[in-house]
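User: Hi! I have a structure to go through and would like to talk over some of its details with you. Could you take a look?

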Amino acid sequence: MREKLQDRPAEAQRPSGVLSLAQLLQHNPVPSPALIDPGLLPSSGILFVGGEPKVGKSLLVANLALALASGSSRAGFTIPHPRRVLICQFELPTPQFAARLAPMRKPIGSAADSNLLIDTEAAGHLLNAPRGLDHFIRAIRAAKADVVVLDPLYSTHDQDENDTRAMAALCQTLLRLRDASHAALIVVHHVRKSVGRYEIGSAFRGSSALHAVGDSYLLLVRPSPQIPTVELRFQFRYAPAQEPRLLSLDADTLWFETSTSKPAPLHPRRKVETADVERALAASGSARFNQLRQQIMTQSECSRRTAQQAIRRACQQGSIVQDDGQYRLPL
């Protein structure tokens with residue numbers, strides 16, 4: 001396989017096993033630079049991109065792929081160097097996908113032509129099957145790709161995304177794909193039906209497993225259905241936190257560009273206390289679990305998971321009791 005980075009031979013000579021601190025720092029003086037700054041896609045990292053259906057996930061990821069391939073900075077993201085990008089997409093027939101890329105190509109000309117590659121035989125191959133994994137590894141090596149796009153993740157496997165073990169196994173396969181190819185991964189994935197204002201990485205389906213492998217999470221949210229604007233929310237493992245930003249879609253070029261508007265500010269998240277649970281119950285007298293959880297979420301502006309934890313904690317402390325499927329204050 002082509003050596004994609006100039007320092008790849010040096011990487012191969014790095015010592016392994018038990019190293020002293022001096023040896024570790026000598027052979028790993030600085031981290032490899034990110035492929036997309038600020039810190040969105042680390043070198044050989046995994047970026048998850050998610051959002052509700054039709055919010056623009058695939059369009060934004062195609063924008064990022066073209067920007068990477070052409071080495072052009074777009075939509076507030078900095079691309080330090082051109083990279084070879086392989087797109088494995090499963091939603092559109094090849095002619096329709098080509099028609100989607102055509103208007104995106106016009107603003108950058110031929111700059112991405114030799115670096116952007118598409119696996120037209122990706123459909124039908126499953127990452128969780130040995131033959132399918134072999135197909136993707138061969139395709140990446142044939143493309144000599146630095147970055148691989150998988151869009152969407154659910155089309156690359158046949159596992160139950162609500163099963164933590166199945167998702168953990170799938171995530172291990174993603175790691176094997178990354179390690180075998182030495183390529184960074186951009187993975188398009190869908191989110192749960194009910195997502196709190198402050199949820200980002202935990203909003204993705206199978207989030208407990210995904211948190212073990214993802215380096216960055218990018219969540220697209222549409223503030224208003226009437227305008228072609230999306231809000232980007234970020235969560236990074238290794239990079240500093242980023243404020244949300246708004247992007248507007250150019251209907252002619254299908255490129256997202258930085259919007260002049262500002263996203264609604266994120267207020268500091270407040271922990272839900274037992275007193276908040278008691279106050280929610282005091283207003284209704286008694287409530288079933290789902291009703292009580294929704295009351296807490298509305299009252300405290302918290303996520304569903306935070307509300308659930310608060311209910312469990314209040315029960316353990318005896319501040320509220322469960323009686324015949326209903327929650328109430330103690331007599």
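User: Which backbone oxygen does the side chain of Ser181 reach, and at what distance?
Analyst: Happy to help; please keep in mind that this is a predicted model. Ser181 belongs to helix H6, which spans residues 164–181. Its side chain reaches the backbone oxygen of Leu177, at 2.7 Å.

User: Is Ser181 buried or exposed?
Analyst: The cut-off for buried is under 20% relative accessible area. Ser181 has a relative accessible area of 0%, so the residue is buried.

User: Which strands does helix H6 lie across, and at about what angle does H6 run to E5?
Analyst: Helix H6 lies across E1, E4 and E5. Those strands belong to an open sheet of nine strands with mixed pairing. Relative to E5, helix H6 runs at about 150°.

User: What about helix H3: at about what angle does H3 run to E5?
Analyst: Helix H3 covers residues 57–70. The strands it lies across include E1, E2 (85–89) and E4 (147–151). Its direction relative to E5 is about 170°.

User: Which strands stand at the edges of the sheet?
Analyst: Let's read the strand order, which is E3-E2-E4-E5-E1-E6-E7-E8-E9. The two edge strands each have a single partner strand, so one side of each is left without a neighbour in the sheet. They are E3 (116–118) and E9 (256–258).

User: By how many degrees are neighbouring strands of this sheet turned against each other on average?
Analyst: This value ignores strand direction. On average, the turn between neighbouring strands is 25°.

User: In what sense do E7 and E8 pair, and which residue in E8 stands opposite Thr229?
Analyst: Strand E7 runs over residues 229–236 and strand E8 over residues 245–249. They pair in the antiparallel sense over four bridges. Opposite Thr229 in this pairing stands Ser248.

User: How many aromatic pairs does the structure hold, and what is the geometry of Phe48 and Phe204?
Analyst: The structure holds seven aromatic pairs. Phe48 and Phe204 are one of them, with 6.3 Å centre to centre and 65° between the planes. Planes over 60 degrees apart count as edge-to-face, and that is how the Phe48 and Phe204 pair is classed: edge-to-face.

User: How many residues apart are Phe48 and Phe204?
Analyst: Phe48 sits in strand E1 (residues 46–51). Phe204 is in the loop between strand E5 (184–190) and helix H7 (207–210). Both residues are buried, and the pair links parts of the chain that are 156 residues apart.

User: Why is the pair of Phe48 and Tyr217 stacked?
Analyst: Planes under 30 degrees apart count as stacked. The ring centres of Phe48 and Tyr217 are 5.7 Å apart and their planes are at 10°, so this pair is stacked.

User: Where does Tyr217 lie, and which residues form one aromatic cluster with it?
Analyst: Tyr217 lies in strand E6 (residues 216–221), so its pair with Phe48 ties together parts 169 residues apart in sequence. At 3% relative accessibility, Tyr217 counts as buried. The aromatic cluster it belongs to also holds Phe48 and Phe204.

User: Which rings have Arg74 and Arg245 over their faces?
Analyst: Arg74 is 4.2 Å from the ring centre of its partner, Trp255. Arg245 is 4.6 Å from the ring centre of its own partner, Phe77.

User: Is Arg293 buried or exposed, and which residues does Arg293 touch?
Analyst: Arg293 is in helix H9 (residues 289–300). Its relative accessible area is 12%, so Arg293 is buried. Not counting residues up to four places away in sequence, it touches Arg304, Ala307, Gln308 and Ile311.

Terms used:
Residues are numbered from 1 along each chain as its sequence is written. This is a predicted model: local features need pLDDT of at least 70, side-chain atom pairs count only at pLDDT 80 or more; totals for chains, interfaces and linings use all residues. Side-chain values use heavy atoms; hydrogens and water are left out. Rings of Phe, Tyr and Trp (its six-membered ring) pair if their centres lie within 6.5 Å; planes under 30 degrees apart count as stacked, over 60 as edge-to-face and the rest as tilted. Buried means under 20% relative accessible area, exposed over 50%, partly exposed in between (1.4 Å probe, protein chains only). A charge sits over a ring if NZ of Lys or CZ of Arg is within 6 Å of the ring centre and within 35 degrees of the ring normal. Two strands pair if DSSP finds at least two bridges between them. Axes are lines fitted to C-alpha atoms, for helices over the stretch in contact, and angles run from 0 to 180 degrees between N-to-C directions. Contact means heavy atoms within 4.5 Å. A polar contact is a pair of N or O atoms within 3.5 Å; within protein, one must be able to donate a hydrogen and the other to accept it, and residues adjacent in sequence count only if both atoms are side-chain atoms.
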